[in-house]
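Visitor: I'm new here. Could you show me around and tell me how the labels are earned?

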Amino acid sequence: MTTTSVVPKAVPLSVALREGTRGEHETAERSGFVELLMSGALDRSAYADLAAQQLAVYTALEAAGSRLADDGGLVFDQLVRVPAIEQDLAFLFGGDWRARVRVLPATQAYVRRLEEVGGSLPLYAAHAYTRYLGDLSGGQIIKRMLQRYYGFESAGLAFYDFPQIHKLKPFKDVYRERLDALELDAEAREAVVEEARDAFRLNAAVFGELGAVHVR
Ligand code: HEM
């Protein structure tokens, strides 16, 4: 007698990531710093400080990306953020911005984690998903709120612009397809989702410290 086991088709990784980080996304979105920044209750220096943290994070993320043998096609030139953040920081802090930005302890911890996982494509994917898909999604809302409440036009907000990506939606679809094509067994997939949860928590910790500085 032959037995056939019916293995349910695994949920695509992109769906597992979205579902698996839903709670962490809500927590990050609802952090005091983010809510107040988004409602116009803080000032430009709060956003400038956030941009400074983003430089440290994307420098580490993009260094990890460029070190990878990217056989998953997940590292895209169009996504690179470091030059845009540097441009924003020059606008926000002035020409001597390098001497004026400071990296918070929670950001340093985030950077250390990115350095640790850098060599692993699946774990890199968890971090890249968390940041880049967020920037291409909620980031676009954040940009509009920063324009509305803090009087920015485009200078200072280059971080949120992806001039080499013609339409964001189809690009995000391709990104999700690449995630879904990674060959991972069940255990490795769970590790990717868990790493993405951690990535959200690392972001939330940065917001917590920014809140301690800027929320009075
Ligand atoms: C004010 C704060 C935020 C708002 C308003 C916001 C809003 C959104 C919205 C509306 C989407 C869905 C867009 C779509 O269906 O394409 C989205 C997706 C996403 N956001 Fe956020 N977000 C915020 C903060 C964050 C933060 C802090 C992170 C992580 C650091 C993040 C990461 C993501 C990711 C990874 C996705 C893609 C989900 C998926 O489809 O797999 N977001 N966000």
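Guide: Here is a short round of questions and answers on the ligand site and on one salt bridge. This is a predicted model, so local features need pLDDT of at least 70, side-chain atom pairs count only at pLDDT 80 or more, and totals for chains, interfaces and linings use all residues. Residues are numbered from 1 along each chain as its sequence is written, and side-chain values use heavy atoms, with hydrogens and water left out.

Visitor: What makes His25 a donor to the iron atom of the ligand?

Guide: Donors are N, O and S atoms within 2.8 Å of the metal (3.2 Å for Na, K and Ca); water is not among the atoms, so sites may look incomplete. NE2 of His25 is 2.1 Å from the iron, so it qualifies, and it is the single donor from the protein. Histidine 25 belongs to helix H2, a helix being a DSSP run of H or I with at least four residues, numbered from the N terminus.

Visitor: How do you know that tyrosine 129 makes a polar contact with the ligand?

Guide: A polar contact is a pair of N or O atoms within 3.5 Å. An N or O atom in the tyrosine 129 side chain is 2.6 Å from a ligand oxygen, so the pair passes. The side chain of arginine 176 has such a pair at 2.7 Å, and that of arginine 18 has one at 2.9 Å.

Visitor: Which helix gives the largest share of the shell around the ligand?

Guide: That's H8, with four residues. Its span is 121–136.

Visitor: Why is the pair of arginine 102 and aspartate 49 called a salt bridge?

Guide: The term needs a side-chain nitrogen of Lys or Arg within 4 Å of a carboxyl oxygen of Asp or Glu. Here N to O is 2.9 Å, so the name fits. The two partners are 53 residues apart, with arginine 102 in the loop between helix H6 and helix H7 and aspartate 49 in helix H4. By this rule the count comes to 15 salt bridges.

Methods. A polar contact is a pair of N or O atoms within 3.5 Å; within protein, one must be able to donate a hydrogen and the other to accept it, and residues adjacent in sequence count only if both atoms are side-chain atoms. Helices (H or I, at least four residues) and strands (E, at least two) are DSSP runs, numbered from the N terminus.
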